[in-house]
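Good morning, and thank you for making time for this presentation. Please keep the sequence and the structure in view while I speak.

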There are 2 protein chains.
Amino acid sequence: MSEPRWLDGQEREAWLSLAALMFVLPAALDSQLQRDEDLSMADYMVLAMLSETGDRQMRMSDLAALASTSQSRLSRIVSRLEQKGFVSRTMAAEDRRAVVAHLTDHGMAKVEQAAPGHVEAVRSMVFDRLTDEQVGQLAEIGRALLTDACTPHRALPADGHPQGTACP
Amino acid sequence: MSEPRWLDGQEREAWLSLAALMFVLPAALDSQLQRDEDLSMADYMVLAMLSETGDRQMRMSDLAALASTSQSRLSRIVSRLEQKGFVSRTMAAEDRRAVVAHLTDHGMAKVEQAAPGHVEAVRSMVFDRLTDEQVGQLAEIGRALLTDACTPHRALPADGHPQGTACP
DNA sequence: GACATACTGTTGACACATCAATAGTTGCAG
DNA sequence: CTGCAACTATTGATGTGTCAACAGTATGTC
């Protein structure tokens with residue numbers, strides 16, 4: 001293996017910041033939701049995604065992709081949400097492999113109750129600290145990093161995606 | 001509670017991207033390190049931080065802050081790393097409460113072995129997708145979000161930091 | 001139409017993180 | 001110098017995520 005291309009000074013600083021963010025932000029948001037609403041960030045994402053569909057329901061696999069989680073993780077999340085009465089599961093009519101998760105009224109009420117505190121947390125931790133211009137830059141950077149994010153980091157021949165990632 | 005300030009269109013898009021990133025990036029990096037080196041991202045961060053000090057050693061509390069983890073999490077991480085022979089723990093001479101983690105030669109060799117693959121992964125997932133200008137913007141945004149990141153999201157009276165977060 | 005292949009969702013076993021409680025230590029206030 | 005508050009690190013209990021294996025279903029090919 002040849003000598004890798006190391007990170008230069010600016011890349012290094014950007015990376016240290018991004019890495020720290022990936023540790024701190026989820027922890028802080030999880031903490032707020034857990035404390036105030038007894039939900040994890042992932043739970044909230046799933047409920048929020050469901051609440052924004054027209055008919056409050058979605059196939060598990062689509063939901064997993066939208067919430068950027070593995071199918072296995074989503075399955076456990078939905079199980080918990082189902083136990084709490086926020087979501088119900090039914091089999092899909094057109095494809096008997098598929099399962100459709102449906103947001104109950106109770107679940108809808110829960111999202112609406114949780115949303116203000118969560119949004120306020122996001123605001124105080126992120127957007128209150130950025131200029132409008134930076135918000136635009138961040139959106140653009142996010143788009144760049146997420147488009148085709150599932151290209152393997154190195155071309156490993158005949159090595160498909162390790163089942164379960166959010167990569168279709 | 002008054003009606004919260006919701007996110008506008010651009011904030012919303014930026015947030016959805018950032019949230020997706022916070023799910024996907026750590027998972028992908030963890031996956032690479034786990035597969036190739038049997039290390040978690042947090043393990044690697046701790047080893048890397050230690051390797052960059054002058055004397056390869058640091059107090060647990062300082063290490064926790066630098067790696068952006070809770071003390072409790074760090075304690076378990078260092079336990080695992082110690083079991084594998086990458087790190088050793090000794091009591092601090094000047095403060096008998098404190099513990100100093102020390103990177104062993106074996107641990108140093110491990111970081112040096114793991115670094116190229118990890119850096120390559122970071123490169124392919126992040127920096128290869130950004131322009132130089134965007135890298136600068138990202139560094140700036142990271143700085144803005146991390147400075148004083150421990151200010152509570154809302155002023156809760158007499159409600160100290162819930163022990164264990166990376167907030168001094 | 002029968003077989004091979006790919007897809008969907010779930011689960012058992014395991015690894016890991018978090019929370020709260022703890023023991024030991026320091027340092028300051030009176 | 002004594003007692004109280006704050007700090008440091010660890011740990012038991014619990015909840016959650018990950019990986020690999022699995023059963024059931026769809027799709028395409030001959």
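The buried residues of helix α2 of chain B are Met41(B), Ala42(B), Asp43(B), Tyr44(B), Met45(B), Val46(B), Leu47(B), Ala48(B), Met49(B), Leu50(B) and Ser51(B). Buried here means under 20% relative accessible area, exposed means over 50%, and partly exposed lies in between, with a 1.4 Å probe and protein chains only. Because 11 of the 11 residues of α2(B), residues 41-51, are buried, this helix is largely enclosed by the rest of the structure. Helices are DSSP runs of H or I with at least four residues, strands are runs of E with at least two, and both are numbered from the N terminus.

A word on the basis of these statements. This is a predicted model, in which local features need pLDDT of at least 70 and side-chain atom pairs count only at pLDDT 80 or more, while totals for chains, interfaces and linings use all residues. Residues are numbered from 1 along each chain as its sequence is written, chains are lettered from A and ligands numbered from 1 in the order in which they are written, and side-chain values use heavy atoms, with hydrogens and water left out.

I turn to chain A as a whole. Its secondary structure comes to six helices and three strands, and from the N terminus the order is α-α-β-α-α-β-β-α-α. Of the 168 residues in chain A, 47% are buried. Among the contacts in chain A with a separation of 6 or more, 50% are between residues 24 or more positions apart; contact means heavy atoms within 4.5 Å.

Next, a helix pair in chain B. Helix α1(B), residues 9-37, packs with helix α5(B), residues 105-125, at an angle of about 145°, and their axes are 10 Å apart. The axes are lines fitted to C-alpha atoms, for helices over the stretch in contact, and angles run from 0 to 180 degrees between N-to-C directions. On the α1(B) side, the contact is made by Leu25(B), Ala28(B), Leu29(B), Gln32(B), Leu33(B) and Glu37(B). On the α5(B) side, the residues include Lys110(B), Gly117(B), His118(B) and Met125(B). By class, this contact has eight nonpolar, four polar and two charged residues. In this classification Ala, Val, Leu, Ile, Met, Phe, Trp, Tyr, Cys and Pro are nonpolar, Asp, Glu, Lys and Arg are charged, and the others, Gly among them, are polar.

Now to the DNA. Which residues come nearest to DNA strand C? Of the 21 residues around this strand, they are Ser61(A), Arg76(A), Arg89(A), Arg73(B) and Arg76(B). A residue is near a strand if one of its heavy atoms lies within 4 Å of it. Sugar and phosphate make up 58% of the atoms of DNA strand C that come within 4 Å of the protein.

Some polar contacts can be named, that is, pairs of N or O atoms within 3.5 Å; within protein, one atom must be able to donate a hydrogen and the other to accept it, and residues adjacent in sequence count only if both atoms are side-chain atoms. A polar side-chain atom of Arg89(A) lies 2.7 Å from a phosphate oxygen of DNA strand C, and an N or O atom in the side chain of Ser75(A) is 2.9 Å from a phosphate oxygen of that strand. Arg97(A) places a polar side-chain atom 3.0 Å from a base oxygen of DNA strand C. The surface near this strand divides into three nonpolar, eight polar and 10 charged residues.

Around DNA strand D there are 21 residues, of which Arg76(A), Met60(B), Ser61(B), Arg76(B) and Arg89(B) come nearest. Here sugar and phosphate account for 62% of the strand atoms within 4 Å of the protein. The side chain of Arg89(B) has an N or O atom 2.7 Å from a phosphate oxygen of DNA strand D. For Arg73(A), a polar side-chain atom lies 3.1 Å from a phosphate oxygen of DNA strand D, whereas for Ser72(A) the partner is a base nitrogen, at 3.2 Å.

Finally, two local backbone features. Asp38(A), in the loop between α1 and α2 of chain A, has a positive phi of about 55° although it is not a glycine. Arg56(B), in the loop between α2 and β1 of chain B, has a positive phi near 60° and is likewise a residue other than glycine.
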